[in-house]
Amino acid sequence: MRGRILIMAGSDSGGGAGIQADIKTVTALGGFAMTAITALTAQDTQGVHDVMPVPPSFIVAQMRCVMDDLGVDAFKSGMLDRAEVIEAIADVLVTGPDVPYVLDPVMVAKGGAALLHDSALATLRARLLPLASILTPNIPEAETLLGRSIAHRGDMLAAAGDLLALGPKAVLLKGGHMSGDELVDVLVGPGGEVEEFVSHRIHTRHTHGTGCTLASAIATGLGQGMTLRDAVMRARAYVREAILAAPGYGAGAGPLNHAVGIAHQNINY
């Protein structure tokens, strides 16, 4: 087991997204998951029913004790709903170890509930984007960050470049919200190099937590010493297999099978 990944994100009581998906993903890919929970949600496949915030001081306490004792090979953040939470996490990151940081700018849950306060958007852009090794927005999140629509595949290339100009070292713009059978993700690297990853869309409602899962998979790869491109490629392959193996739970957007690929062994006792 290698790759100590510290995840700052919200909890999903349904187990499909958030901290729960993050822990499962990191574990499935051979890393060691550690957490700083930023909010508690009452959530299932049909939506977010309630949110309980966690005080920023306690989020910082979770981060610092983990960093001081266990160490960190990569950071990943997901749901950061308030400006004061973003400020607190940014303060820790700028004084923490120089390791990769994957920023998933979670704004809206799969069921449509807002997970980022409007007042926190400017703080996210100013404080966290410049610290990120890679930013992993979907199309609606990228539109919010840039303040414009991204209507076509051609728009994605320009948008990814403009997102890079906001400060992150790299950007993976996810195209799952585009229509059509082809799913295209655009990766812009630290030197401005651009690569498109194209795959065939899986037509299923069981996609809850795909963004959280992908970002945590990338963080695990980076924490394990993989190159950015290799970490992205493994993460995309893992998410695809987890969707294909989804257990079919819930009446709404169902969870993935994060245990896909894990070898089950007979244990004698």
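The legends below describe close-up views of a predicted model.

**Figure 1. Salt bridge between arginine 4 and aspartate 73.**
The closest N and O atoms of arginine 4 and aspartate 73 are 2.9 Å apart. Arginine 4 belongs to strand S1 (residues 4-12), while aspartate 73 sits in the loop between helix H2 (56-69) and strand S4 (74-77). The pair links distant parts of the chain, 69 residues apart. Arginine 4 is partly exposed, its relative accessible area being 32%. Aspartate 73 also counts as partly exposed, at 22% relative accessibility. A search of the whole structure finds 11 salt bridges, and the pair in this view is one of the salt bridges in the model.

**Figure 2. Salt bridge between lysine 174 and aspartate 104.**
Here the closest N and O atoms are 3.9 Å apart. Lysine 174 lies in the loop between strand S7 (171-173) and strand S8 (182-188), and aspartate 104 in the loop between strand S5 (101-103) and helix H4 (121-128), so the pair ties together parts that are 70 residues apart in sequence. Lysine 174 is buried, with a relative accessible area of 10%. Aspartate 104 is buried as well, with a value of 2%. Aspartate 104 also appears in the next view, among the residues that line the largest cavity.

**Figure 3. The largest cavity and its lining.**
The structure holds 1 cavity of 30 Å³ or more. About 30 Å³ of space lies in the largest cavity. Its lining is made up of Gly78, Leu80, Leu103, Asp104, Pro105, Val106, Leu116 and Leu124. Sorted by class, these are 6 nonpolar, 1 polar and 1 charged residues. Glycine is counted as polar, so Gly78 supplies the polar entry in this lining. Aspartate is counted as charged, so Asp104 supplies the charged one.

**Figure 4. Salt bridge between aspartate 162 and arginine 148.**
The closest N and O atoms of this pair are 2.7 Å apart. Aspartate 162 is in helix H6 (residues 153-164), and arginine 148 is in the loop between helix H5 (139-146) and H6. The two residues are 14 residues apart, and the pair links distant parts of the chain. Aspartate 162 is partly exposed, with a relative accessible area of 35%. Arginine 148 counts as partly exposed at 34%.

**Figure 5. Arginine 127 and a network of salt bridges.**
Glu87, Asp91 and Arg127 are linked in a network of salt bridges. Arginine 127 is located in helix H4 and counts as partly exposed, at 23% relative accessibility. Not counting residues up to four places away in sequence, arginine 127 touches Ile86, Glu87, Ala90 and Asp91. Both acidic partners in the network, Glu87 and Asp91, are thus among these contacts. The C-alpha atom of arginine 127 is separated by 12 Å from that of proline 105, which is 22 residues away along the chain. Proline 105 is one of the residues lining the largest cavity.

**Figure 6. The second largest pocket.**
About 210 Å³ of space lies in the second largest pocket. Phe75, Leu93, Val94, Gly96, Pro97, Asp98, Val99, Pro100, Tyr101, Leu131, Ser133 and Lys169 form its lining. By class, the lining has 8 nonpolar, 2 polar and 2 charged residues. Among the lining residues are Asp98 and Lys169, which are of the kinds counted as charged.

**Figure 7. Surroundings of histidine 206.**
Histidine 206 is found in the loop between strand S9 (194-200) and helix H7 (210-223). Histidine 206 has a relative accessible area of 12% and is buried. Neighbours within four places in sequence left aside, histidine 206 is in contact with Ile243, Ala246, Gly248, Tyr249, Gly254, Pro255 and Leu256.

**Figure 8. Serine 216 in helix H7.**
Serine 216 counts as buried, at 1% relative accessibility. Its contacts, leaving aside neighbours within four places in sequence, are with Asp22, Thr25, Val26 and Lys76.

**Figure 9. Cysteine 65 and cysteine 212.**
Cysteine 65 is partly exposed, with a relative accessible area of 48%. Cysteine 212 counts as buried, at 13% relative accessibility. A search of the whole structure finds 0 disulfides.

Technical notes
Residues are numbered from 1 along each chain as its sequence is written. This is a predicted model: local features need pLDDT of at least 70, side-chain atom pairs count only at pLDDT 80 or more; totals for chains, interfaces and linings use all residues. Side-chain values use heavy atoms; hydrogens and water are left out. On a 1 Å grid over the protein atoms alone, a cavity is a set of points where a 1.4 Å probe fits but cannot get out, and a pocket is an open set with protein on both sides within 12 Å along at least five of seven lines; lining residues have an atom within 4 Å of a point. Grid points are joined across faces, edges and corners, and a volume is the space filled by probe spheres set on the points. A disulfide is a pair of cysteine sulfur atoms within 2.5 Å. Buried means under 20% relative accessible area, exposed over 50%, partly exposed in between (1.4 Å probe, protein chains only). Helices (H or I, at least four residues) and strands (E, at least two) are DSSP runs, numbered from the N terminus. Contact means heavy atoms within 4.5 Å. A salt bridge is a side-chain nitrogen of Lys or Arg within 4 Å of a carboxyl oxygen of Asp or Glu.
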